[in-house]
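Here are a few exercises to work through with the model open beside you. Try each task before you read its solution.

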Amino acid sequence: LVRGGRFKKGELLIKIDDADYIAALKRAKAELSAQEAKLTRLKEEAKEAEAEWKQANPDTPAPPLLLKVPDIKATEASVQAARAAIERAELDLKRTEIRAPFSGVTLDENIDEGQYVRAGQPVATVFSDESVEIIVNLTEKEAGYIEIPGFNSPEAQGSRATVSAIIGGKQHQWKGTVLRAEPVDEKTRTIPVVVSVKEPYRNLPPLSVGMFVDVEIKGKKVKSAVLIAKSAIFWDEKGRTYLWKLTDKERLKKQYVTVVQSADGQYMVTGGLKDGDRVVIGAPSSAVEGMKVSVKKTNSKH
């Protein structure tokens, strides 16, 4: 149990001195034996008293006091109390050992050998190494292009993700999946999306808690989408997105499109374009519908 230490499920982490608890269990067992012996004696005495009473008074029932009914009931209650005391003593003795409920890693510990501890005192912070969770804040638009279970998808399996980090000058990667979405962040208005990585400590180096990482999430397929240079995209006074494309007669034609997202200095757009369309990458500020333009031909390959 040291910071960064790893442990297996069921492994002993902490043990406190159990001498007092063993003695308490012995006392509880001795008390139970004494009460059970007393109960046996009272029942035997009651049986003898009843037999003598019937001989002298065959037609009259024996009185409860003669049959020791109150004493027997009180002793039976004492037996139950003694059994409960044993259960409590056994539980207290069991709690002198703290065993790992799962395999994991120690994040922090604040206890040393020989130190006194109080009931309820936190002694360590540990976490399971079965999986780690990474929070990725996305805009509503970005979140719409990935599968998030319970948020925009009924499926239990979310979008796949790749988590990477530079350790010792070398890039390492781990596979993960989108697990869920947390409530919207009121300050940034973004959606915290949780990416889960299974068995992050299986290989070395591990995906350690607290590490800064890059997360790449595989998005949904967008049909009939085109990557266009950002210089080709404009917005009109109503906020609609458009670009200029060339007609067969080398004239400008305004074409409204939908910008899906930004990627590597380009916009991904859908709608309004088909194979073979020519798009103006650097239209003049004075461009208007039907303007005649000249196309400069180059030998560049695109």
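Buried means under 20% relative accessible area, exposed over 50%, and partly exposed in between. Keep in mind that this is a predicted model.

**Exercise 1. Classify E97 and K15, then describe the contact between them.**

Step 1. E97 has a relative accessible area of 29%, so it is partly exposed. K15, with a relative accessible area of 45%, is partly exposed as well.

Step 2. Now look at the charged atoms. E97 and K15 form a salt bridge in which the closest N and O atoms are 3.3 Å apart. Because E97 belongs to strand β3 (residues 97–99) and K15 to strand β2 (residues 12–15), the pair ties together parts that are 82 residues apart in sequence.

Step 3. K15 also meets the side chain of D18 in a salt bridge (3.3 Å, N to O).

**Exercise 2. Classify K274 and D277, find their contact, and name the residues of the salt-bridge network.**

Step 1. K274 has a relative accessible area of 57%, so it counts as exposed. For D277 the relative accessible area is 24%, which means partly exposed.

Step 2. A salt bridge joins K274 and D277, with 3.5 Å between the closest N and O atoms.

Step 3. For the network, follow the shared partners: they link K15, D18, E97 and R99 through salt bridges into one network. In total, the structure holds 18 salt bridges.

**Exercise 3. Decide whether strand β13 is enclosed or open, and sort its side chains by direction.**

Step 1. Count the buried residues. In β13 (residues 241–246), 6 of the 6 residues are buried, so the strand is largely enclosed by the rest of the structure.

Step 2. Sort the side chains. T241, L243 and K245 point one way, while Y242, W244 and L246 point the other way, and all are buried.

**Exercise 4. Find the strands that pair with β13, and give a residue pair for each.**

Step 1. Begin with strand β12 (residues 234–235), which pairs with β13 in the antiparallel sense over 2 bridges. Here T241 is the bridge partner of W235. The hairpin of these strands has 5 residues between them, and G239 takes a positive phi near 85 degrees.

Step 2. Go on to strand β14 (residues 252–256), antiparallel to β13 over 5 bridges. W244 stands opposite K254 in β14. This hairpin has 5 residues between its strands, and E250 in the turn has a positive phi of about 60 degrees.

Step 3. Finish with strand β17 (residues 278–279), which runs antiparallel to β13 and is joined to it by 2 bridges. The pair to find is K245 opposite V279 in β17.

Methods
Residues are numbered from 1 along each chain as its sequence is written. This is a predicted model: local features need pLDDT of at least 70, side-chain atom pairs count only at pLDDT 80 or more; totals for chains, interfaces and linings use all residues. Side-chain values use heavy atoms; hydrogens and water are left out. Buried means under 20% relative accessible area, exposed over 50%, partly exposed in between (1.4 Å probe, protein chains only). Helices (H or I, at least four residues) and strands (E, at least two) are DSSP runs, numbered from the N terminus. Two strands pair if DSSP finds at least two bridges between them. A salt bridge is a side-chain nitrogen of Lys or Arg within 4 Å of a carboxyl oxygen of Asp or Glu.
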